[in-house]
Amino acid sequence: MAMKYNWDWSILLCRSPEADPIGAVEPTTPGSGSTEFGGGAGQTFDTGAECAQPYFEWIVSGLSWTVIVASAAWVITFSLGSVIGVSRTVENRTVRAIATAYVEIFRNVPLLLQMFIWFFVVPELLPEDAGRWIKRELPLPEYWTAIVCLGMYHASRTAEQVRAGIESIPRGQTHAGLAMGLTRTQVYRYVLLPVSYRIIIPPLTSDFMGIFKNSSVALTIGVMELTAQSRQIAEYTFNIFEVFTAATLCYMTVTLIVVTIMRFVEARVRIPGTIALGGD
Amino acid sequence: MIEIENVSKWYGDFQVLNHCSTAVDKGEVVVVCGPSGSGKSTLIKCVNGLEPFQEGKITVDGVSVGDKSTNLPRLRSQIGMLFQNFELFPHMTALENICLAQTKVLGREDDEAEERGMKLLERVDLVEHAAKHPAQLSGGQQQRVAIARALAMDPIAMLFDEPTSALDPEMINEVLDVMVELANEGMTMIVVTHEMGFARKVADRVVFMDEGRIEEDATKDDFFGTPRGDRAQLFLSKILEH
């Protein structure tokens, strides 16, 4: 292949300033202080590393934000998704209808559009004071917005999994719980949910990974996560192959860690004597 | 103790129960039989309110089941129920299954519940299986744990919904034996079953249902001696042939 390309994997390394004969990039580069790209000083983590070039730090910072945004979003996803999922199985029609509407709205609108709506539209719809507070006073508004948006988008998917898990449990289990005097709430708490969470660990795992991957969409509203930082490095160095390879490996590492943790959880809560429940 | 008066129930247009009336006295054992789809299971599920019914009245120990003001969980906690598929909770050990409602419904302390649970496991001859999960037990063992779980609530009456239908033949007797013992101790029981041997041995009365109607409601001797209706005769001849 006749491609002219200057491979330089070393841009991804942290070379100490003294050892680096080039020392070319000034410490005032964007991302580590200025506001030329992205939103400013608050956006890049101070990793404490003393490097000749900022790129290593940018990758680490981006990865950190990816993990933080995705993890926080997952907390929303898991709790809200559980509530909505349970609501879709209760007897009360109104509750069921609200939960169904939630799922259909959040599942059927593209994530990118939702990101824009949360960031640009919602603050305008809120009462003036609240809107101004979000835009002016809330530190790092794009990060909070991304967390809420991702969390609520994925909650609709988790809700469907929780619902499917509950509905896969034979009706007799509910009957047995009720027949011994448990209230419906207790039946959910002690019987239906513990069993259905075990059943849905595999789809929950892929959804958790999905949050990590989808967090890259947040770059569109200015969140300096891994993909955004990679793009920034690519723009500065033109070493696109190296930097996006690094980003790819970072995402894969994170999702592999998620898979490993979930496998551990799955094995841990597996019901003795079963293959179908909890997996093997 | 249990009065069922003129109970009718519909699923949409389909009538599953058609003016059913019968009564069960304290200490009485009533066997309910009939072809599948005749409404037997539905009827006993109405007794503890698991299935709602549109017409008629059911009272248990003077409490009306269909009444909106009735505290159903409280009423149900006094009526033990056994199911065709045992319905043990798969994520709990045998002992935990027996303790759950004791602690959450009756408010017993953990050690008190466990002590009671172990006693009942001893009674159904499963002490060494206390720490096993349902999937590690045979069907017969699971149903005996389920019986222990029901007994732990000190029920005033027990409902059995085809308790041996899902069991392999060699396991049926270990469950029936426990049920016979209960009957002999004076437990009030309504038993939906095809086990006519059990009915002959311990039933006081036999109720025969067909198409949502109670066709026969007779003492055991009358029922097996001279069933009045053709349908009951046909049914009996079919299941007694073997």
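These are my notebook entries on the contact between two chains and on the cysteines of one of them.

**Entry 1, the model.** I am working from a predicted model, and I keep that in mind for each value below.

**Entry 2, the interface.** I looked up how chain B and chain A meet, and found that 25 residues of chain B and 22 residues of chain A take part in the contact. The area buried between chain B and chain A comes to about 2000 Å², and carbon and sulfur atoms give 69% of it. I then searched for charged pairings, and across the interface of chain B and chain A the rule finds zero salt bridges. For polar contacts I counted four residue pairs between chain B and chain A, both residues being at pLDDT 80 or more.

**Entry 3, the chain B side.** I next asked which elements of chain B give two or more residues to the side that touches chain A, and I noted α2 (72-77), β6 (79-82) and α3 (94-104) of chain B. Sorted by class, this side of chain B holds 14 nonpolar, five polar and six charged residues.

**Entry 4, the cysteines.** I checked for disulfides, and over all chains the count is zero. For Cys20(B), the nearest cysteine sulfur belongs to Cys46(B) and lies 8.6 Å away. I record Cys20(B) as being in no disulfide because the sulfur of Cys46(B), at 8.6 Å from that of Cys20(B), is too far for a bond, the cut-off being 2.5 Å. I also looked up burial, and Cys20(B) is buried with a relative accessible area of 0%, while Cys46(B) counts as buried at 0% relative accessibility.

Definitions and conventions:
Residues are numbered from 1 along each chain as its sequence is written. Chains are lettered from A and ligands numbered from 1 in the order in which they are written. This is a predicted model: local features need pLDDT of at least 70, side-chain atom pairs count only at pLDDT 80 or more; totals for chains, interfaces and linings use all residues. Side-chain values use heavy atoms; hydrogens and water are left out. Contact means heavy atoms within 4.5 Å. Buried area is the accessible area (1.4 Å probe) that two parts lose on being put together, summed over both. A salt bridge is a side-chain nitrogen of Lys or Arg within 4 Å of a carboxyl oxygen of Asp or Glu. A polar contact is a pair of N or O atoms within 3.5 Å; within protein, one must be able to donate a hydrogen and the other to accept it, and residues adjacent in sequence count only if both atoms are side-chain atoms. Helices (H or I, at least four residues) and strands (E, at least two) are DSSP runs, numbered from the N terminus. Ala, Val, Leu, Ile, Met, Phe, Trp, Tyr, Cys and Pro count as nonpolar, Asp, Glu, Lys and Arg as charged, and the others, Gly among them, as polar. Buried means under 20% relative accessible area, exposed over 50%, partly exposed in between (1.4 Å probe, protein chains only).
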